[in-house]
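User: Take me through one part of this model in detail, please, residue by residue where that helps. I work with structures daily, so keep it loose but give me the cut-offs.

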Amino acid sequence: MNHLIRLAGGALLAIAATGAAAQKPAAADRKVYCWDEGSRRVCGDALPASAVDAARTEISARSGLRMAEVGRAPTAEERSAAEAAQRQARLDADADAASRRRELAMVESYATEADLRRAYGERIVLVEEAIKTSQMGVTNLRTSLLSQLRQAGELELQAQPVNKALRDRIRSQRADLQRQLAILDQQLGDQAALDGDLQAALGRYRELKQTAARD
């Protein structure tokens, strides 16, 4: 009877030991973490809260071999920059897709290069007419300003004061001339850009037509 009790007790102890061994993680599963704290290298079998976002090396506690290199978590500024870069990439992709759609529409809308040139020609004529109007405005303003400056000069030669009304007109005319010159400069830039757009459109139109013909 005592012998049976001892056998049963031994079996229970073996079962308990087996259960404990199963609950305890194997040494092969354990890791050692190494990270930097300032200029000091720190290692431990657990990561403190202060080191969770730090760059670290993970080492096998059993073999001592490096298992992984984990980079530091990005800062708020870096996450914001990455998100901005992703948004810009999406915008660029959308713009590229829209450009392709416009190119296809161009090929479908204009049967010949002459049709494409006529479409641009209408815009070119409008810009040219605006430039002519601005050039006339600049000429008139210059003539008027020179006339008033001549009046002021004659008064000064006669040792007479230049009255306030004349001075105000000169300032006003000079400001108007500067504004008109700025408008003319912008229009000339638009004209050059439009001509460049036409040449680029013609080149792309020819490429797309050739591709369509081969297909």
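Analyst: Let's start at Ile-59, whose bridge partner in β4 is Arg-66. That pair belongs to the antiparallel match of strand β3 (residues 56–60) with strand β4 (residues 66–70), which are joined by 4 bridges. A word on terms: strands are DSSP runs of E with at least two residues, helices are runs of H or I with at least four, and both are numbered from the N terminus. Two strands count as paired once DSSP finds at least two bridges between them.

Before going on, some ground rules: this is a predicted model, so local features need pLDDT of at least 70 and side-chain atom pairs count only at pLDDT 80 or more, while totals for chains, interfaces and linings use all residues. Residues are numbered from 1 along each chain as its sequence is written, and side-chain values use heavy atoms, with hydrogens and water left out.

Back to the strands. β3 and β4 make a hairpin with 5 residues between them, and Gly-64 in that turn has a positive phi of about 80°. The hairpin is part of an open sheet of 4 strands, ordered β2-β1-β3-β4 with antiparallel pairing. β2 (40–44) and β4 are the edge strands, each pairing on one side only. On average, neighbouring strands of the sheet are turned by 20° against each other, direction ignored; the axes here are lines fitted to C-alpha atoms (for helices, over the stretch in contact), with angles running from 0 to 180 degrees between N-to-C directions. As a general point, strands of a sheet pair through backbone hydrogen bonds, either parallel or antiparallel.

On the other side of the sheet, strand β1 (residues 31–37) pairs with β2 in the antiparallel sense over 5 bridges. There, Asp-36 stands opposite Arg-41 in β2.

The structure also has 1 disulfide, meaning a pair of cysteine sulfur atoms within 2.5 Å. Cys-34 and Cys-43 are the partners, with an S to S distance of 2.0 Å, and the link is right-handed with 110° about the S-S bond. Cys-34 counts as buried because its relative accessible area is 5%, whereas Cys-43 is partly exposed at 46%. The cut-offs are: buried under 20% relative accessible area, exposed over 50%, partly exposed in between, with a 1.4 Å probe and protein chains only.

Now the middle of the hairpin's β3 side. Thr-57 is found in β3 and is buried because its relative accessible area is 9%. Its side chain makes two polar contacts worth looking up: one of 3.2 Å with the side chain of Arg-41, and one of 3.0 Å with the side chain of Glu-69. Polar contacts here are pairs of N or O atoms within 3.5 Å; within protein, one must be able to donate a hydrogen and the other to accept it, and residues adjacent in sequence count only if both atoms are side-chain atoms. Not counting residues up to four places away in sequence, Thr-57 touches Val-32, Tyr-33, Cys-34, Arg-41, Arg-66, Ala-68 and Glu-69, where contact means heavy atoms within 4.5 Å. So Cys-34 from the disulfide turns up among the contacts of Thr-57, as does Arg-66, the partner of Ile-59.

Glu-58 is in β3 too, and it is buried because its relative accessible area is 9%. In general, side chains in a regular strand alternate between the two faces of the sheet. The Glu-58 side chain makes a 3.4 Å polar contact with the side chain of Arg-56. The C-alpha atoms of Glu-58 and Lys-31 are 6.2 Å apart, although 27 residues separate the two along the chain. With neighbours within four places left aside, the contacts of Glu-58 include Lys-31, Val-32, Tyr-33, Leu-65 and Met-67.

To put the sheet in context, the protein has 4 helices and 4 strands, running α-β-β-β-β-α-α-α from the N terminus on. Of its 215 residues, 19% count as buried.
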